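Please walk through this protein chain with the model open beside the text. The account goes from strand pairing to the chain as a whole.

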Amino acid sequence: MSSAPTRWWGYHKKHRWVVLDRDWPGNAHGRDGVLTLVRCSDWGLFEESYDTWRKSSDYQYAPPYIDTRNTDRARKLARTRLLYLEQEYERRRDALLQQLVHLRHESFLRKARKEMLPAPPLRRATRAHRTANCWRCSRELDNTVDFECCRCGWIVCWNCGACGCGFGYSGYLRAFEKD
Ligand SMILES: [Zn+2]
Ligand SMILES: [Zn+2]
């Protein structure tokens, strides 16, 4: 396999080619038992329970999936397709990560400040380098890596989606968001 070892490539009955990137926030251990995967057909994100991903026969790891194609030609096509998708994924990875943080930001605002939906866009740092700890889950944030909220200017937490718009909100913090 040519892709980074932290990527799990597979084929899903309905979604078709998918990738689980274990370097994504939350994917190494599963956020509350939930993983975020990328569907290559439309480069969309979807969530899946860790148990379903591990146990369901709907998911097949790429190498055995390719091996079970009927003909040499079909196997070759599948291999070529996968190689293309692996490269395409690496090219799109930053934009997909931004999409992921946007979804978590939105989900945070839905809990904390419903009137602020839809979530304001994310932006790259406009100020000098700064680091911080998320006020809600304590994760380390860095504005050279993480995005800022266009409305409050705070760094948006890649883990729990919090920004300054909902500062002080003390809603239920799921276990996975704490460490
Ligand atoms: Zn956080
Ligand atoms: Zn904000």
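**Strands, a bent helix and two cores**

Val 18 has Arg 39, in strand E3, as its bridge partner. This pair comes from a predicted model, and it is a convenient place to begin. E3 covers residues 34–39 and runs antiparallel to E2, with two bridges joining them.

On the E1 side, the pairing is also antiparallel: strand E1 (residues 7–12) and strand E2 (residues 16–21) are linked over six bridges. Three residues separate E1 and E2, and the two strands form a hairpin. Within this pairing, Arg 7 is bridged to Asp 21 of E2, and Trp 8 is bridged to Leu 20 of E2. E1 also has strand E5 (residues 59–61) as a partner; these two run antiparallel and are joined by three bridges. Gly 10 and Tyr 61 of E5 are bridge partners there.

Helix H2 spans residues 62–67, and Ala 62 belongs to it. Is Ala 62 buried or exposed? Ala 62 has 22 C-beta neighbours inside 10 Å, and therefore counts as buried; the cut-off is 20 or more. Leaving out residues up to four places away in sequence, Ala 62 touches Trp 9, Gly 10, Tyr 11 and Leu 82. Of these contacts, Leu 82 is one of the buried residues of H3. Ala 62 and Thr 144 are 82 residues apart along the chain, and their C-alpha atoms are separated by 34 Å.

Helix H3 takes in residues 72–112 and bends by about 55° at Arg 93. Which residues of H3 are buried? They are Leu 82, Leu 85, Glu 86, Tyr 89, Leu 100, Arg 104, His 105, Phe 108 and Leu 109.

Further along the chain, Ala 162 lies in the segment after strand E9 (148–149). Ala 162 counts as buried because it has 28 C-beta neighbours inside 10 Å. Apart from neighbours within four places in sequence, its contacts are Phe 108, Cys 134, Trp 135, Arg 136 and Cys 157. Phe 108 is among the buried residues of H3. Leu 109, also on that list, is 53 residues from Ala 162 along the chain, yet the C-alpha atoms of the two are separated by 7.6 Å.

Which residues touch the most other members of the largest nonpolar core? This core has 15 residues, and the ones in question are Cys 134, Val 156, Cys 157, Cys 160, Ala 162 and Cys 163. Cys 157, with neighbours within four places in sequence set aside, is in contact with Cys 134, Arg 136, Cys 137, Arg 139, Leu 141 and Ala 162. Another core, of 13 residues, lies apart from this one and includes Trp 9, Tyr 11, Val 19 and Leu 85.

Finally, consider the chain as a whole. The protein chain has three helices and nine strands, and from the N terminus on its elements follow the order β-β-β-β-α-β-α-α-β-β-β-β. Taken along the principal axes, its C-alpha atoms fill a box of roughly 60 × 30 × 25 Å. The protein chain has 179 residues, of which 27% are buried. Among contacts between residues at least 6 apart in sequence, 45% join residues at least 24 apart.

Notes
Residues are numbered from 1 along each chain as its sequence is written. Chains are lettered from A and ligands numbered from 1 in the order in which they are written. This is a predicted model: local features need pLDDT of at least 70, side-chain atom pairs count only at pLDDT 80 or more; totals for chains, interfaces and linings use all residues. A nonpolar core is a set of buried Ala, Val, Leu, Ile, Met, Phe, Trp, Tyr and Cys residues joined through C-beta atoms within 7 Å. A residue is buried if 20 or more other C-beta atoms lie within 10 Å of its own, exposed if 12 or fewer, and partly exposed in between; C-beta atoms are placed from the backbone. Two residues are in contact if their C-beta atoms, placed from the backbone, lie within 7 Å. The bend at a residue is the angle between axes fitted to the seven residues ending there and the seven starting there. Helices (H or I, at least four residues) and strands (E, at least two) are DSSP runs, numbered from the N terminus. Two strands pair if DSSP finds at least two bridges between them.
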